[in-house]
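Me: Hey, I've got a structure open that's new to me. Can you walk me through it?

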Amino acid sequence: MPTMYPNKALPASLALAVPWVVSPPVLSALAAALALALPSPARAEATAADAAEIQRLRQDIEALRSSYEVRLQALEQRLQAAEATVKTVSTASTTAPAPAPTAVPEDAPAPMPAAASAGAAAGGGPNAFNPSVSLILSGLYARTSRDPSRYAIAGFALPPDAEIGPGTRGFSLAETELGFAASIDPWFQGAANIALEPDNSVSVEEAYVQTTGLGHGLTLKAGRFYSSVGYLNAQHSHTWDFVDAPLAYQAMLGTQFNDDGVQLKWLAPTDAFVEVGLELGRGLSFPGNGGSRNGAGMAALSAHTGGDIGDSHSWRAGVSVLNAKASGQSLQGLDAGGDNVESIFSGRTRVWIADAVLKWAPGGNATRTNFKLQGEYLRSRPDGSLSLDTGAGNYRPAQSGWYLQGVYQFMPRWRVGLRTERLHAGDPGLYAVTGYAPRKNSLMLDYSPSEFSRLRLQFSQDRSRPGRADKQIFLQYQMSLGAHGAHSY
């Protein structure tokens, strides 16, 4: 067999290996292995492409890691803001007992609490510190059988500018309310409600700051606000179940009592709802008149309790007392002959209020049908002097009044209500109307196309003054724009 070395003899071991080395199959295998072992232009290009792809993948992974770190930080900030909001709501919402079976459109035309909306905004973005803004549009058509400009409540003396009675006849723009609310920081929240009156005047109904982190069930409020005495007083007029306030509120609180001052509330750490409130203020509105003094012109104390009865019933009841001072307060009212008499009062007035509310909804679901029974008893005792052109004398009438109303939602969006009320003027002296007790009955029907709108029709037979009854017809609309805060129980 020929070899690659013809002129030399090979060792036996090498001679045995050479045929395998030089055979064609082995040469082909060696050539292939050599081709794989030695770099070629194509193999170099593939290796470079792989390296570039690996580098891109590493860059993508690093970008994803950075992006998720940013998102995680944002989520942590939103979680902290949400926890602060929950703490705010749990501390500040001291006016509602255990979950009550109330219909969504019954008490509030808007669904989102102001504190919650402000807390959501606090999570970030350009609107993080903007307050929630709401606007309540209200209009009214009134038809009365007696002249409303001569309206009076027999036996009761009130300031000349007291907002009592049915208002003007015909079409009118009722009170429009502009509201602002927001969390200020982890310790305070603020709110303001501006009333745009039908006569184009503007008044501040409420403007206050309120603590959110005192703890121990305590909440402190400072500024101007509606007093928490009674049940109806603290509620804005667009949440009322009837067009107007009860006669007892008109005669003894000038429709609604608000004041400049401070309020401290304590919510007891009990299963049942127990709340106690103390207020000190200037005594700005009737029965006070906000005289110039360093001390407080008004003091109020209220206590309320409530809870659930099974799955379908809830209740709330309470008692309150309001003490207000007045100096040189102008009053007017009807005398025994039906003539308008003006006088000046100086002294103090104490008003006691007992209130109770019972609500029912089958299984706690108030969306389809529900019923609310509500009543209050007020007793007022002015104690001071009443001055006339002819002289002065003591003024100490024992006045009282009550109302009872029921509102039934008989199908989704539709409600019907009935209210009856009566006053007793006691012994008003100058403003005596012997043997006459002012009274009134009202029937209403309302329809809420949504939780943001309501249309109401009301019929009233008003016997607030001697003579024939004043037959009143009201047609009202109320529309809510923006994030209006949730209302109390």
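**Rings, cavities and odd angles**

Reply: Sure, let's begin with a charge and a ring. Arginine 419 lies over the face of phenylalanine 242, at 4.8 Å from the ring centre. In a similar vein, lysine 221 sits over the face of tyrosine 208, and there the figure is 4.4 Å from the ring centre.

Me: Before we go on, how confident is the prediction for the protein chain, on average?

Reply: This is a predicted model, and the protein chain averages a pLDDT of 82. Of the residues, 78% score at least 70. Over residues 1-44 the pLDDT is below 50, and this stretch has eight contacts in the model beyond near neighbours in sequence. Residues 91-124 also have a pLDDT below 50, but that stretch has 101 contacts beyond near neighbours in sequence.

Me: OK, back to rings. How many aromatic pairs are there?

Reply: There are three in the structure. One of them is phenylalanine 345 with tyrosine 395, an edge-to-face pair at 5.8 Å centre to centre, with 70° between the planes.

Me: Which strands do phenylalanine 345 and tyrosine 395 sit in?

Reply: Phenylalanine 345 is in strand S11 (residues 340-360) and tyrosine 395 is in strand S13 (residues 391-395). The two are 50 residues apart, and the pair links distant parts of the chain.

Me: Is phenylalanine 345 buried or exposed? And what about tyrosine 395, buried or exposed?

Reply: Phenylalanine 345 has 2% relative accessibility, so it counts as buried. Tyrosine 395 comes in at 6%, so it counts as buried too.

Me: Got another pair for me?

Reply: Yep. Tryptophan 414 and tyrosine 447 form a tilted pair, 4.6 Å centre to centre with 35° between the planes. Tryptophan 414 lies in strand S15 (residues 414-424) and tyrosine 447 in strand S16 (residues 439-450), so this pair ties together parts that are 33 residues apart in sequence. Tryptophan 414 is partly exposed, with a relative accessible area of 31%. Tyrosine 447 is partly exposed as well, at 27%.

Me: New topic. How many cavities of 30 Å³ or more turn up in a search of the whole structure?

Reply: Three. The largest cavity has a volume of about 120 Å³.

Me: What lines the largest cavity?

Reply: Its lining has 14 residues, and the ones nearest its centre are Ala157, Phe286, Thr349, Pro382 and Gln399. The elements that give two or more residues to the lining are helix H6 (247-253), strand S10 (313-334), S11 and strand S12 (370-388). S11 is also where phenylalanine 345 from the edge-to-face pair sits.

Me: You mentioned Phe286. What kind of peptide bond joins phenylalanine 286 and proline 287?

Reply: A cis one, with omega at about 15°. Most peptide bonds are trans, so a cis bond is worth a look. Proline 287 is in the loop between strand S8 (273-281) and strand S9 (298-309).

Me: What about phi, which residues could I look at there?

Reply: Try asparagine 200: its phi is positive, about 75°, although it is not a glycine. Asparagine 200 is in the loop between strand S4 (188-196) and strand S5 (202-211), and at 73% relative accessibility it counts as exposed. Another is threonine 255, with a positive phi near 90°. Threonine 255 lies in the loop between H6 and strand S7 (258-267), and it is buried, with a relative accessible area of 13%.

Me: Last topic: where is tryptophan 187?

Reply: Tryptophan 187 is in the loop between S3 and S4. At 56% relative accessibility, tryptophan 187 counts as exposed.

Me: And which residues does tryptophan 187 touch, leaving out those up to four places away in sequence?

Reply: Gln210, Thr211, Thr212 and Gly213. Tryptophan 187 and glutamine 210 are 23 residues apart in sequence, and their C-alpha atoms are 8.5 Å apart in space.

Me: How far is glutamine 210 from serine 183, C-alpha to C-alpha?

Reply: That separation is 9.5 Å, with the two 27 residues apart along the chain. Serine 183 lies in strand S3 (residues 176-183), and at 31% relative accessibility it counts as partly exposed.

Conventions: Residues numbered from 1 in each chain as written. Predicted model: local features only at pLDDT ≥ 70, side-chain atom pairs only at ≥ 80, totals over all residues. Heavy atoms only, no water. pLDDT = per-residue confidence, 0-100. Contact = heavy atoms within 4.5 Å. Phe/Tyr/Trp six-rings, centres within 6.5 Å; stacked < 30°, edge-to-face > 60°. Helix = DSSP H or I, 4+ residues; strand = E, 2+ residues; numbered from the N terminus. Buried < 20%, exposed > 50% of the residue type's maximum accessible area, 1.4 Å probe, protein only. Lys NZ or Arg CZ within 6 Å of the ring centre and 35° of its normal. 1 Å grid on protein atoms, 1.4 Å probe; cavity = no way out; pocket = protein on both sides within 12 Å on 5 of 7 lines; lining within 4 Å. Points joined across faces, edges and corners; volume = space filled by probe spheres on them.
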